[in-house]
Amino acid sequence: LRGTPETPDITGDVSTSSFGWGHHFNLSGTGKYAFQGPLSDGDMNFVLQGEDGVLFRDSIEAFNISAFQSDSGFVMEEFHVQGKTNLLSTEFSIDDKRMLVPKLSTLIGEDQLALADELELIFPEKGRLVFDPSILTFNRAGVEASGGWSSSDGLDISLNYELLEMSEFIR
């Protein structure tokens, strides 16, 4: 703990034995955090690393999480979780107007889903989001998705795909 009451600078260690959501995703590990004031709009850095947990019912071998919060928004600099047969890796940033996802890659057993380009979700008004065409790969297939969601109309997504085998979804 350093600084003054008006502009504190707080750093420390964190340890978790079950951080996550039930049997599908939880982490155990150690990390560091840093908060820099003033309290009304302080910046927060958070890093967590470990070697234990569950990812999609798979044993985790290693994970790294690094995030940054400021008055301009939240940035997930790194979210990488490696299991024995599964992987989840992403980066994103979010503020009150949009969410940018430059990287997303998942591997669940034999199936791989990844972003081929940056995904941008725009929040034009409360209760609504839209996104322009973005390319995903699913195994050997290419999928282009665009559309949006609103609390009044629900989900409206258009998909174009090539080399997509429906049997891969019905396992």
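The following exercises, each with a worked solution, concern a predicted model.

**Exercise 1. The nonpolar cores**

Task: Identify the residues that make up the largest nonpolar core, and state which strand gives the most to this core.

Solution.
- Step 1. The largest nonpolar core has 11 residues in all: Leu27, Leu48, Leu55, Ile60, Phe63, Ile65, Ala67, Met76, Phe79, Val81 and Leu88.
- Step 2. At least two residues of this core come from each of strand E4 (43–55), strand E5 (58–70) and strand E6 (73–83).
- Step 3. The strand that gives the most is E5, with four residues.
- Step 4. Another core lies apart from this one and has nine residues, including Met99, Leu115, Leu136 and Val143.
- Step 5. A general tendency provides the context: in soluble globular proteins, nonpolar side chains tend to be buried together.

**Exercise 2. The surroundings of Met76**

Task: Determine which residues Met76 touches, leaving aside those up to four places away in sequence.

Solution.
- Step 1. Met76 belongs to the largest nonpolar core.
- Step 2. With residues up to four places away in sequence not counted, Met76 touches Ile65, Ser66, Ala67, Glu91 and Phe92.
- Step 3. Among these contacts, Ile65 and Ala67 are also members of the largest core.
- Step 4. Another contact, Glu91, takes part in a salt bridge with Lys103, which leads to the next exercise.

**Exercise 3. The salt bridges**

Task: State how many salt bridges a search of the whole structure finds, and describe the residues of each pair.

Solution.
- Step 1. The search finds three salt bridges.
- Step 2. In one of them, the side chains of Glu91 and Lys103 meet at 4.0 Å, N to O. Glu91 lies in strand E7 (residues 86–94) and Lys103 in strand E8 (residues 98–108), so that the pair links distant parts of the chain, 12 residues apart. Glu91 is partly exposed, with a relative accessible area of 29%, and Lys103 is partly exposed with 34%.
- Step 3. In another, the side chains of Glu120 and Arg98 meet at 2.9 Å, N to O. This pair also links distant parts of the chain: Glu120 is in strand E10 (residues 119–125) and Arg98 in strand E8, 22 residues apart. Glu120 counts as partly exposed at 27% relative accessibility, as does Arg98 at 35%.
- Step 4. The remaining bridge joins Arg128 and Glu125, whose closest N and O atoms are 3.9 Å apart. Arg128 is partly exposed at 34% relative accessibility, and Glu125 is partly exposed with a relative accessible area of 48%.

**Exercise 4. The nonpolar surface patch**

Task: Name the residues of the nonpolar patch on the surface, and explain why Trp149 meets the accessibility condition for a patch.

Solution.
- Step 1. The patch consists of Trp149, Leu155, Ile157, Leu159 and Tyr161, which together have about 540 Å² of accessible area.
- Step 2. Strand E13 (residues 154–162) gives the most to the patch, with four residues.
- Step 3. Trp149 is placed in strand E12 (residues 141–150).
- Step 4. Patch residues need over 30% relative accessible area. Trp149 meets this condition because its relative accessible area is 37%, a partly exposed value.

**Exercise 5. An unusual backbone angle**

Task: Locate Asn139 and describe its phi angle.

Solution.
- Step 1. Asn139 lies in the loop between strand E11 (128–138) and E12.
- Step 2. Most residues other than glycine have a negative phi.
- Step 3. Asn139 is not a glycine, yet has a positive phi of about 55°.
- Step 4. At 25% relative accessibility, Asn139 is partly exposed.

Technical notes:
Residues are numbered from 1 along each chain as its sequence is written. This is a predicted model: local features need pLDDT of at least 70, side-chain atom pairs count only at pLDDT 80 or more; totals for chains, interfaces and linings use all residues. Side-chain values use heavy atoms; hydrogens and water are left out. Patches are made of residues with over 30% relative accessible area and no salt bridge: like charges are joined within 9 Å, nonpolar side chains (Val, Leu, Ile, Met, Phe, Trp, Tyr) within 5 Å. Accessible areas come from the Shrake-Rupley method with a 1.4 Å probe; for residues, only the protein chains shown count as cover. Buried means under 20% relative accessible area, exposed over 50%, partly exposed in between (1.4 Å probe, protein chains only). A nonpolar core is a set of buried Ala, Val, Leu, Ile, Met, Phe, Trp, Tyr and Cys residues joined through side-chain atoms within 4.5 Å. Contact means heavy atoms within 4.5 Å.
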